[in-house]
Structure formats: structure tokens, C-alpha cells
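Please open the structure in your viewer and choose a cartoon display. The tour below proposes a series of selections and describes what is found at each.

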Amino acid sequence: MIQITPHQKFYLAIEPLDFRKGIDAIAAVCHQTLQADPMSGVLFVFANRRRTSVKILTYDGQGFWLCMKRFSRGRLAWWPASLASSQISASQLHILLYQGDPFGANVPLDWRPI
């Protein structure tokens with residue numbers, strides 16, 4: 001299980017990914033297309049063309065994790081269309097992974113002063 005915390009960095013890929021790709025091919029996409037180091041511990045989040053599945057790639061210091069979620073019903077309600085709309089918080093990513101609209105939900109701030 002991958003834990004997504006407020007301080008965790010992640011990238012949402014705007015373009016759909018061919019889900020026949022495995023770890024090595026997805027790591028190459030991270031490096032070449034997203035221009036990010038796939039071994040940095042960042043979560044890389046991809047959707048397929050029909051937005052019925054999500055894949056997450058991350059590196060934990062010993063190896064890669066590739067997680068896939070295929071929705072049993074329906075598809076993603078929202079996916080970023082541009083770089084400006086791809087800035088979401090960790091709690092909004094949780095909503096996205098449960099097929100919700102992260103901007104339509106009332107989400108409290110991740111950090112607040114005590």
C-alpha cells in the first residue's frame with residue numbers, strides 16, 4: 001500500500017498513458033516526457049485514455065512500486081486538461097482516486113497553524 005501524505009510530492013500526467021507499458025517504459029516516460037527523476041520518491045499518477053483506470057509509479061529506495069486501480073463502475077469525473085489545472089493537493093488526489101471531482105469537494109487545508 002502506498003500512503004499519500006500532505007508533504008508527498010506527486011505529478012499528474014496530463015496525456016493518457018498506454019497501460020500496456022510496464023515499470024521500465026513508464027519510468028522512461030517520467031524521465032523523458034515529464035523531465036523528472038523516476039527514482040526520486042515522487043508519485044507519478046497516470047490515467048488511461050478512457051479514464052477507467054489509474055496507475056501510480058514510485059520508487060521507495062529499494063525498488064519500484066507500480067500500482068493500478070481499475071474502477072469497477074464508471075470513470076474518473078475529473079482529470080487535468082492543462083498544466084495550470086494539474087496543481088492539486090494530496091487530499092484532492094485522494095478524492096480523485098475515489099472517482100470524485102477534487103475541485104467540487106469541500107476539502108480542508110492540509111496545513112494550518114496551531
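The stops begin with the sheet, continue to the helices and end at a pair of side chains. Please keep in mind that the model is predicted.

**The sheet**

Select the strands first. There are 4 of them, and they form an open sheet in the order 1-2-3-4 with mixed pairing. The edges of this sheet are strand 1 (10-12) and strand 4 (64-70), each of which pairs on one side only. Viewed along the sheet, neighbouring strands are turned by 15° against each other on average, direction ignored. In general, the strands of a sheet pair through backbone hydrogen bonds, either parallel or antiparallel.

**From strand 1 to strand 2**

Now select residues 43-47, which make up strand 2. Strand 1 and strand 2 run parallel and are joined by 3 bridges. To locate one of the partners, select L12 and then V45, its bridge partner in strand 2.

**The hairpin**

Move next to strand 3 (53-59) and strand 4 (64-70). These two strands run antiparallel, with 7 bridges joining them. Selecting T58 leads across to W65, its bridge partner in strand 4. Strand 3 and strand 4 form a hairpin, and 4 residues lie between them. Select G61 in the turn: its phi is positive, about 100°.

**Helix 1**

Select residues 23-32 to display helix 1. This helix lies across strand 2, strand 3 and strand 4, and runs at about 80° to strand 3.

**Helix 2**

Continue to residues 90-97, which form helix 2. Helix 2 lies across strand 1, strand 2, strand 3 and strand 4, and runs at about 45° to strand 1. Why is helix 2 described as largely enclosed by the rest of the structure? Of its 8 residues, 6 are buried, so the helix is largely enclosed. To see them, select A90, S91, Q92, L93, L96 and L97. These buried residues pack against strand 1, strand 2, strand 3 and strand 4. After helix 2 comes Q99, which has a positive phi near 65°.

**The salt bridge**

For the last stop, show the side chains of R20 and D18, which meet in a salt bridge with an N to O distance of 3.0 Å. A search of the whole structure finds 1 salt bridge. Are its two residues buried or exposed? R20 counts as exposed because its relative accessibility is 76%, whereas D18 is partly exposed, with a relative accessible area of 32%.

How values were computed. Residues numbered from 1 in each chain as written. Predicted model: local features only at pLDDT ≥ 70, side-chain atom pairs only at ≥ 80, totals over all residues. Heavy atoms only, no water. Salt bridge = Lys/Arg side-chain N within 4 Å of Asp/Glu carboxyl O. Buried < 20%, exposed > 50% of the residue type's maximum accessible area, 1.4 Å probe, protein only. Pairing = 2+ DSSP bridges. Axes fitted to C-alpha atoms, helices over the stretch in contact; angles between N-to-C directions. Contact = heavy atoms within 4.5 Å.
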